[in-house]
Amino acid sequence: MTTATGQPGPGPGPGSGSGPGSGTATRDAARVTDAVKVYGSGDTAVRALDGVSVGFPAGRFTAIMGPSGSGKSTLMHCAAGLDTLTSGSARIGGAELGALDDRRLTLLRRDRVGFVFQAFNLVPTLTVAENITLPMDLAKKRGDRASAEWTDALIDVVGLRDRLHHRPAELSGGQQQRVAVARAFAGRPDVVFADEPTGNLDSRSGEDVLRLLGRAVRQMDRTVVMVTHDPVAAAHADEVVFLADGRLVDTMTDPTADKVLDRLKEFDTTSAAVPGGKGAPS
Ligand SMILES: Nc1ncnc2c1ncn2[C@@H]1O[C@H](COP(=O)(O)OP(=O)(O)OP(=O)(O)O)[C@@H](O)[C@H]1O
Ligand SMILES: [Mg+2]
């Protein structure tokens, strides 16, 4: 169950404050509490996050949805340590991101977080195999046998064994994104964040990538947090959290595309009434 906003609820969970790997099934792999993010200042300030508290449970696939500009990417970036909160707390496992200096934050991102973006962001001069192992090569984690076995399994999961020595330019968009997914999971991170991972793909390649993310969670016990505006994509998740005007407004467990679509339609008509929105000039 995604721990929702504003309520007393179960709190940050037993993993909080302790190191990774000691958690239970309900541990949050990542969590933000009272998260506020303000861009700019004065009259032009935009309150992109307006007091969001949400946990992303370990071993689960969570989708973040909401209208354009509702703060989805901001939430993901702040939860993943790519950007800093104006106030509030962001934790990955037991680590409070705001307490880390730049060097430690960089190490944490490298060792414990994976990313998939809408643009595949592969290194064009490296082969598929080299792109996949890049995070581990950077972390010098590649030598051990467990890592080699993990990578080997990943290559089969993403179905790229016959493309290992190709370069990205020789692959379709869907294949490139599958490489990016394998790369995100290569270092066995605590959590993989994906921002519109199917945004540049046709629906069939998108389906492949979504199934992959789902399989990583269910068969390889990974944690995925995915921003999407597509109800069909969100239906691959175990739960959906809905943002509007920088606030968490709802959560849904076991989503279907129809249920998500209905919910989105509903707050199309109500979001205008959300009080105290960020008040940004449009
Ligand atoms: N670097 C920035 N500087 C100023 N304002 C920003 C910046 N990044 C985002 N914003 C503003 O913060 C708000 C939330 O943006 P965010 O990118 O998180 O939305 P989103 O939900 O991901 O939207 P989309 O679905 O269009 O990607 C928007 O009003 C946006 O204009
Ligand atoms: Mg976005």
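**Entry 1: H5 and H6**

I began with two helices of this predicted model, H5 and H6, and noted that they run roughly parallel to each other. I then looked up the values behind that description. The axes of H5 and helix H6 (residues 203-220) lie 9 Å apart, and the packing angle is about 15°. Since angles under 35 degrees count as roughly parallel, the term applies here because the angle is about 15°. I recorded the crossing of H5 past H6 as right-handed.

Which residues of H5 and H6 meet? On the H5 side I listed Gly173, Gly174, Gln177, Arg178, Val181 and Phe185. On the H6 side I listed Ser205, Asp208, Val209, Leu212, Leu213 and Ala216. Sorted by class, this contact of H5 with H6 holds 6 nonpolar, 4 polar and 2 charged residues.

**Entry 2: H4 and H5**

I next turned to H4 and its packing on H5. Their axes come within 10 Å of each other and cross at roughly 155°. H4 is therefore roughly antiparallel to H5. I noted that H4, too, passes H5 in a right-handed crossing.

From H4, I found Thr151, Leu154, Ile155 and Val158 in this contact. They meet Arg178, Val181, Ala182, Phe185 and Ala186 of H5. By class I recorded 7 nonpolar, 1 polar and 1 charged residues for the contact of H4 with H5. Arg178, Val181 and Phe185 of H5 appear in my list for H6 and again in my list for H4.

**Entry 3: H3 and its cover**

I examined helix H3, which spans residues 128-139. Which residues of H3 are buried? I found Val128, Asn131, Ile132, Thr133, Pro135 and Met136. The elements covering these buried residues include helix H2 (102-112), helix H4 (145-158) and helix H5 (173-186). H5 thus returns in this entry as part of the cover of H3.

**Entry 4: Two residues with positive phi**

I kept in mind that most residues other than glycine have a negative phi. Glu196 departs from this, with a positive phi near 50°. I located Glu196 in the loop between strand S7 (191-195) and H6. Is Glu196 buried or exposed? Glu196 is buried, because 20 other C-beta atoms lie within 10 Å.

Asp221 is another residue that is not a glycine and has a positive phi, in this case about 60°. I found Asp221 in the loop between H6 and strand S8 (224-227). Asp221 counts as exposed, because it has 10 C-beta neighbours inside 10 Å.

**Entry 5: The chain as a whole**

I then recorded figures for the protein chain. It has 8 helices and 10 strands. Of its 282 residues, 44% are buried. For contacts between residues at least 6 apart in sequence, I noted that 69% join residues at least 24 apart.

**Entry 6: Confidence**

I closed by checking how far the prediction may be trusted. The protein chain averages a pLDDT of 85, and 84% of the residues score at least 70. Where does pLDDT stay under 50? I found one such stretch over residues 5-25, for which the model has 36 contacts beyond four places in sequence. I found another over residues 273-282, with 10 contacts beyond four places in sequence. Where pLDDT is low, the predicted coordinates should not be read in detail. I have therefore left the stretches 5-25 and 273-282 without further description.

Conventions:
Residues numbered from 1 in each chain as written. Chains lettered and ligands numbered in written order. Predicted model: local features only at pLDDT ≥ 70, side-chain atom pairs only at ≥ 80, totals over all residues. pLDDT = per-residue confidence, 0-100. Contact = placed C-beta atoms within 7 Å. Buried ≥ 20, exposed ≤ 12 C-beta atoms within 10 Å, placed from the backbone. Helix = DSSP H or I, 4+ residues; strand = E, 2+ residues; numbered from the N terminus. Axes fitted to C-alpha atoms, helices over the stretch in contact; angles between N-to-C directions. Parallel < 35°, antiparallel > 145°, perpendicular 65-115°, else oblique. Left-handed = near helix turned anticlockwise from the far one by under 90°. Nonpolar A, V, L, I, M, F, W, Y, C, P; charged D, E, K, R; others polar.
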